[in-house]
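Open the model in your viewer and keep the selection panel at hand. The tour goes from sheets to helix pairs, with one loop stop on the way.

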Amino acid sequence: MKYCIVDESYRLIKGKPYPADASAFMRLPCARGAEVCFQILVNHDAAYAVQLNHSPMISRRGSVDTLRIAVDSPYDVTLSPVGLLKDDDNIEKSDVLLKSDYAEAEANESLLIHARLQVPADAAAGEQKVTLRFYQGNMFEDEKALEGTLQLTLRIYDVAMPGKDAFLLDLWQHSSNVARKYDVNLWSDEHFAVLEKVIASLAELGQKCVTVIASEVPWCGQSCSDSKTDNLFEYSMISTTKKTDGTFVYDYTAMRRYISLCEKYGTAQEIDIYGLTGVWVKPELGFPVLAEDYPDGMRIRYYDEADGCYKYMRKASEIDAFIVALMEYFRTEGLADRVRFAADEPADVEKFRSTISHLKELCPDAKLKTAIGHAEFIDEFKDAIDVFSPFIYCVVKEFDNIKAKQAELTEKTFIWYVCCAPHYINTFLRSFLLESRYIGILTAYMGFVGFLRWNYCIWPEEPRRDIRYGIFPAGDVNFIYPAGNGDVLLSQRYMLLKRGIEDFCLIDQLRKAGREDVVNAAMAQVIREPDVRTYSTLLELEKNRPAQELCSDRACDYHRMREMLLMALETLQK
């Protein structure tokens, strides 16, 4: 049996040799109330199993060696086997944190165990030791204690880990997809029970935005009809009925219940409405414009009581009434100031101008949020759009212009996003895990207040077996996985994204205290290319250039950065 302690950013790749520089020790800096994670890598020259609790366990193979891991810690520790999934190169790579209490492997095949430890908010400053002990058994043989132990030293600083209020995180929720993968009816009590697990996991990350779908399939299912197997269609949260007298009534029950659920977990700072501005239209796939006299392509379904048929609004007057009624509902509920009519990558400037001009005529107090691929949208719509989220290509190519607009438009919010591109910095299975952490640091470095990504829980047909989907890189569609018991499974990428958001919030505290010098020195530990403008060239040549030209891929650099931030904050408090 071989085992060692590795950083939470270690990704197990099937077939990769056990590391020659395996370590039995690790030291991590942390704050009071912080989450600390590390991993245990195990290997054996025969088929074997790893056990993570005290329950009896016999391998399905029968007589194989079983390694039981016991943790001696002053704080609670949760151990989870890390599951592997095939990447686009057909090589299996670790990602999903399983809830099983054991794992099995073939001879010379490594297993990775994720360890999650919570430091109490009232923990004393100083050092604490966590010791991992190992016991080997085989079916009905008595266990024997193995000689080697692993040890983690926590250096706890007298600093309270800040909340994530400073970071505007917007990971889109695909609620219809959640219903399908958990085999529950859309907007049923069972559906909301699962959605609560999803929202709770988002809250842990610091999510701030509710994704409300207000018309049918606003993204055309990400062209899933091409695959003939996957189903990525998202459906409206609003039920509409046309009465026999010709009037329309709107049922907002599901939408309001969802918003309330997000409010319960503190993830409803913004309420983003998709499906009423910048709707994707793909007539070649069967998604045409339905209302020829309307400037956008929304698909609003209703039940017609006159003949018992479901139909779609095809008149501008009907769509106008729908939008006006929706905004009035938000005003009545006291939500209007948080509502953002959101658009995703509008490509046609003239069409988009017509859409938002019409929206403002209907609802002068409407606020807008737009993910943009071109900086000219900022100039063009600086008076209309309230939240700008430029794509990373757009940011680095026109960094000076965007920063000048940000300085000019002080009442506007600026975040940024990545999606199925670029190759890096990103959060794919093929990305090195510290890229996920770097997102929070890069956000702080570029002077934005948050980050947007289109994915969180939009899964292909069998996500626990294969997370690949269409032309999207593996891992592009999710940060969590569906569990068989109605729960959610987190991922390594989720954990590293969370760590980077924590870095952002620590940096924010120091900046507010006027310690930009410390912030710059700390970020320099992980930033390899300090001039964001040069990212443009690097990203265009991405297939031939390593991500390490932009940011460090060494965990020790990130730990050093975290330690510098904590040391400075501790000094400020004295």
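Contact here means heavy atoms within 4.5 Å. Axes are lines fitted to C-alpha atoms, for helices over the stretch in contact, and angles run from 0 to 180 degrees between N-to-C directions. Helices (H or I, at least four residues) and strands (E, at least two) are DSSP runs, numbered from the N terminus.

This is a predicted model: local features need pLDDT of at least 70, side-chain atom pairs count only at pLDDT 80 or more, and totals for chains, interfaces and linings use all residues. Residues are numbered from 1 along each chain as its sequence is written, and side-chain values use heavy atoms, with hydrogens and water left out.

**Whole chain**

Start zoomed out. The protein has 13 helices and 27 strands. Its C-alpha trace spans about 80 × 55 × 45 Å along the principal axes. The radius of gyration (taken over C-alpha atoms) is set against a globule rule of 2.2 Å times the number of residues to the power 0.38. For 574 residues a compact globule would come near 25 Å, and the protein agrees, with 25 Å.

**Six-stranded sheet**

Two strands pair if DSSP finds at least two bridges between them. Select the open sheet of six strands, in the order β14-β17-β20-β21-β22-β23, with parallel pairing. At the edges are β14 (209-213) and β23 (413-414), each pairing on one side only.

Now pick 339-344 and 368-372. These are β20 and β21, which run parallel and are joined by four bridges. Which residue of β21 is the bridge partner of A342? Look for K369.

Add 253-264. This is helix α3, which lies across β14 and β17 (270-274). The helix runs at about 170° to β14.

**Three-stranded sheet**

Next, show β13-β25-β24, an open sheet of three strands with parallel pairing. Its edge strands are β13 (168-171) and β24 (416-417), each pairing on one side only. β13 pairs with β25 (450-453) in the parallel sense, over four bridges. L171 stands opposite R453 of β25.

**Loop stop: D487**

Centre on D487. The residue sits in the loop between β26 (481-482) and β27 (488-489). Which residues does D487 touch, not counting those up to four places away in sequence? They are K99, Y182, K197 and P482. Then measure to S201: D487 and S201 lie 286 residues apart in sequence, but 10 Å apart in space, C-alpha to C-alpha.

**Helix pair α9 and α10**

Select 434-446 and 492-512. α9 and α10 pack at an angle of about 25°, with axes 6 Å apart. They are therefore roughly parallel to each other (angles under 35 degrees count as such, over 145 as roughly antiparallel, 65 to 115 as roughly perpendicular and the rest as oblique). Their crossing is right-handed: the near helix is turned clockwise from the far one by less than a right angle, whereas anticlockwise would be left-handed. Show side chains. Contact residues include L434, I441 and Y445 of α9, and L496, F504 and R511 of α10. The contact divides into 10 nonpolar, four polar and five charged residues. Ala, Val, Leu, Ile, Met, Phe, Trp, Tyr, Cys and Pro count as nonpolar, Asp, Glu, Lys and Arg as charged, and the others, Gly among them, as polar.

**Last stop: α10 and α13**

Keep α10 and add 555-573, which is α13. The two axes come within 10 Å and cross at roughly 35°. Is this crossing left-handed or right-handed? It is left-handed. Among the contact residues are R499, D503 and L510 of α10, with M561, L565 and L572 of α13. Here the split is nine nonpolar, one polar and four charged.
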